[in-house]
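I opened the notebook today to go through one structure by strand pairing, ligand shell and a few backbone details. The sequence and the structure come just below.

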Amino acid sequence: MPRKKLMAANWKMYKTPDQARDFFREFLPLVAGHSRDEIAVCPPFVDLPAAIGSAKDSKISIGAQDMYWEKEGAFTGEISAGMLLAVGCTHVIIGHSERRQYFGETDDTVNLKLKAALEAGLIPIVCVGEVLEEREAGLTEDVLRRQCLRAFHAISGKKAAKLVVAYEPVWAIGTGKTATPQLATEAHSLIRSEAAKAFGETLADNLRILYGGSVKPDNVKSLMSEKEIDGALIGGASLDPKSFAAIVKY
Ligand code: PGA
């Protein structure tokens, strides 16, 4: 069975609740009746109720951009999986390179968050990807293997059924540089083989691996025509309703 693609927007630290509502007011009519792929929007935490309210009569899912692995406690500034579920979130991005780069996220914290998200019943979108120096030094495969191995550590295939992975080469994020479809395909195949080792062939065959990094209306089609690419994680180009709609409807 072909894997259903997931087109996920990562708004990063953009938009207030009013701006989130404005986005949906314009975006929803543009994608009405479009059912080929799944669509998810991941706004900042404070916009979640506005986004969930705006999207409630549509098929669009709403996700968070991060979460903490504990259920509750004295963890100032953090949000738990249970809290996300309670407001109506279904997805959560975990281990985005900006969290790794600026906020001390490690392969081990990614693993803890992934376990907690799966346990709670959220759909985790786990981000992996190499930085430019690693690619230039020929280390891309090693980096992706390590990130997958550590992220997937001690998680059973049964538990991992909802897992989504996003391959996001860091040098392509927000830079206007996109991985070629062939280069992305190589990385996705490697990620799929790591998933097969960790969770078994069946899960790996069904695993959706998204590409992220400067996906735009004019390059999305060639990326999505690759068999190995099961959707996209879109930052900058998802902020504008027309541009995100054009990407979704490539
Ligand atoms: P970009 O971001 O589309 O702006 O490159 C992608 C991401 O960081 O998820």
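My entries follow in the order in which I looked things up.

Entry 1, on the kind of model. I noted before anything else that this is a predicted model, and I read every value below as computed from it.

Entry 2, on the parallel strands E2, E3 and E4. I began with strand E2, residues 38-42, and found that it pairs with strand E3, residues 61-64, in the parallel sense over two bridges. At residue level, I looked up Ala-40 and saw that its bridge partner in E3 is Ser-61. I then followed the chain through helix H2, residues 48-55, and recorded that E2, H2 and E3 make a right-handed β-α-β unit. Moving on from E3, I found that this strand also pairs with strand E4, residues 91-94, in the parallel sense over two bridges, and that Ala-64 has Val-92 as its bridge partner in E4. The connection here runs by way of helix H3, residues 81-87, and I noted that E3, H3 and E4 make a right-handed β-α-β unit.

Entry 3, on strand E8 and its partners. I next asked which strands pair with E8. Strand E1 runs parallel to E8 and is joined to it by four bridges, while E7 pairs with E8 in the parallel sense over two bridges. I checked the residues involved and found Ala-232 of E8 listed as bridge partner of Met-7 and also as bridge partner of Tyr-211. I then looked at the two faces of E8, residues 231-234, and both are covered: Gly-231 and Leu-233 are buried on one side, and Ala-232 and Ile-234 are buried on the other.

Entry 4, on Arg-208. Is this residue of strand E7 buried or exposed? Its relative accessibility is 14%, so I entered Arg-208 as buried, the cut-off being under 20%. I also looked for a partner of the Arg-208 side chain and found a polar contact with the side chain of Glu-38, at 3.2 Å.

Entry 5, on the ligand. I counted 13 residues around the ligand, and Lys-12, His-96, Glu-168, Gly-174 and Ser-214 are those that come nearest. By class, I wrote the shell down as four nonpolar, seven polar and two charged residues. I then went through separate pairs of atoms, beginning with Asn-10, which has a polar side-chain atom 3.5 Å from an oxygen atom of the ligand. For Ser-214 the atom concerned is a backbone N or O, which lies 2.7 Å from a ligand oxygen atom, and for Gly-236 a polar backbone atom is 2.8 Å from an oxygen atom of the ligand. Taken alone the ligand exposes 280 Å², and I noted that the protein buries 97% of that.

Entry 6, on positive phi angles. I returned to Ser-214, which has a positive phi of about 55° although it is not a glycine, and placed it in the loop between strand E7, residues 208-212, and helix H10, residues 220-224. At 7% relative accessibility, I entered Ser-214 as buried. Lys-15 is also not a glycine and has a positive phi of about 85°; I found it in the loop between strand E1, residues 6-10, and helix H1, residues 17-31. Its relative accessible area is 23%, so I recorded Lys-15 as partly exposed.

Terms used:
Residues numbered from 1 in each chain as written. Predicted model: local features only at pLDDT ≥ 70, side-chain atom pairs only at ≥ 80, totals over all residues. Heavy atoms only, no water. Buried < 20%, exposed > 50% of the residue type's maximum accessible area, 1.4 Å probe, protein only. Pairing = 2+ DSSP bridges. Right-handed = clockwise from strand over helix to strand, strands pointing away. Near = heavy atom within 4 Å. Polar contact = N/O pair within 3.5 Å; in protein donor to acceptor, adjacent residues only side chain to side chain. Areas by Shrake-Rupley, 256 points an atom, 1.4 Å probe, with all protein chains shown as cover. Nonpolar A, V, L, I, M, F, W, Y, C, P; charged D, E, K, R; others polar.
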